[in-house]
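Please open the model in a viewer and keep the sequence panel visible. The stops below proceed by selection, each followed by what is to be found there.

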Amino acid sequence: ICRGHYHDREGKVTQVYRKKWRIHIERVTRDKANGQTVPIGIHPSKVMITKIKLDKDRKALLDRKNRAAKKGKYTEKDTSA
C-alpha cells in the first residue's frame with residue numbers, strides 16, 4: 001500500500017470487491033465494537049503490485065488486453081512495400 005492511513009504495509013490480496021472498486025489485503029483489518037475483525041477496503045490506485053501470480057489463463061487475458069500491440073496500424077515499412 002503506497003498511500004493513506006495504512007501505507008507501508010504489505011500483504012496478499014484476499015478479496016476484490018468490484019462493485020465498490022476496493023480490494024482487501026491480509027493483515028489490514030479493523031476491530032468492530034463487538035470484537036469482530038473486518039477487512040478494510042483499499043482503493044486499487046493506492047496499491048502497487050510487487051509480485052503477480054500468473055497462470056496460463058491470466059497470461060492469455062493480459063496478452064488479449066495488451067494495449068501496446070498496434071492492431072490495424074500501418075507503419076512506414078508497410079506503406080513503402
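Begin by selecting Ile1, Tyr6, Ile23, Ile25, Val28, Ile40 and Ile42: these seven residues form the largest nonpolar core of this predicted model. Two strands, β2 (22-31) and β3 (37-42), each contribute at least two residues to this core. The greatest contribution comes from β2, which supplies three residues. As general background, nonpolar side chains in soluble globular proteins tend to be buried together.

**Ile40 and its surroundings**

Keep Ile40 selected and display its contacts. Once neighbours within four places in sequence are set aside, Ile40 touches Tyr6, Ile23, His24, Val28, Thr29 and Arg30. Among these partners, Tyr6, Ile23 and Val28 are also members of the core.

**His24**

Move next to His24, a residue of strand β2. Is His24 buried or exposed? His24 is classed as buried because its relative accessibility is 9%, below the 20% limit used for that class. Draw a distance from the His24 side chain to the backbone oxygen of Ile40; the value is 3.4 Å. Leaving out neighbours within four places in sequence, the contacts of His24 include Lys12, Val13, Thr14, Gln15 and Tyr17. Its contacts also include Pro39, Ile40 and Gly41.

**Pro44 and Trp21**

Select Pro44, which is located in the loop between β3 and α1. Its relative accessible area is 34%, so Pro44 is partly exposed. Which residues does Pro44 touch, not counting residues up to four places away in sequence? They are Trp21, Arg22 and Ile23. Add Ile1 to the selection: although Ile1 and Pro44 are 43 residues apart along the chain, their C-alpha atoms are separated by 8.9 Å.

From Pro44, pass to its contact partner Trp21. Trp21 is placed in the loop between β1 (13-17) and β2. With a relative accessible area of 58%, Trp21 is exposed. Its backbone merits inspection: phi is positive, at about 60°, although Trp21 is not a glycine.

**Arg27 and Glu26**

A positive phi also occurs at Arg27, about 65°, and this residue is likewise not a glycine. Arg27 belongs to strand β2 and is exposed, with a relative accessibility of 59%. Now show the side chains of Arg27 and Glu26, which meet in a salt bridge with an N to O distance of 3.4 Å. Glu26 is partly exposed, as its relative accessible area is 29%. In general terms, side chains of opposite charge can pair when their charged atoms come close.

**Charged pairs further along the chain**

How many salt bridges does the model contain? The count is three. For another of them, select Lys56 and Asp57, whose closest N and O atoms are 4.0 Å apart. Both of these residues are exposed.

Then select Lys59 and Asp63, which form a salt bridge with an N to O distance of 4.0 Å. Both residues lie in helix α1, four residues apart, or about one turn of the helix. Lys59 is partly exposed, with a relative accessible area of 44%.

**A nonpolar patch on the surface**

Remain with helix α1 (residues 56-64) and select Leu62, which lies within it. The relative accessible area of Leu62 is 44%, so this residue counts as partly exposed. Extend the selection to Ile49, Ile52, Leu54 and Leu61: together with Leu62, they make a nonpolar surface patch of about 480 Å². A surface representation is suitable for this stop.

**The whole chain**

Finally, clear the selection and view the entire protein as a cartoon. Two helices and three strands are present. Along the sequence, they follow the pattern β-β-β-α-α.

Colouring by accessibility gives a further overview. Of the 81 residues, 10% are buried. The protein exposes about 8000 Å², of which carbon and sulfur atoms supply 50%. In a contact map restricted to separations of 6 or more, residues 24 or more positions apart account for 19% of the contacts.

Terms used: Residues are numbered from 1 along each chain as its sequence is written. This is a predicted model: local features need pLDDT of at least 70, side-chain atom pairs count only at pLDDT 80 or more; totals for chains, interfaces and linings use all residues. Side-chain values use heavy atoms; hydrogens and water are left out. Patches are made of residues with over 30% relative accessible area and no salt bridge: like charges are joined within 9 Å, nonpolar side chains (Val, Leu, Ile, Met, Phe, Trp, Tyr) within 5 Å. Accessible areas come from the Shrake-Rupley method with a 1.4 Å probe; for residues, only the protein chains shown count as cover. Buried means under 20% relative accessible area, exposed over 50%, partly exposed in between (1.4 Å probe, protein chains only). A nonpolar core is a set of buried Ala, Val, Leu, Ile, Met, Phe, Trp, Tyr and Cys residues joined through side-chain atoms within 4.5 Å. Contact means heavy atoms within 4.5 Å. A polar contact is a pair of N or O atoms within 3.5 Å; within protein, one must be able to donate a hydrogen and the other to accept it, and residues adjacent in sequence count only if both atoms are side-chain atoms.
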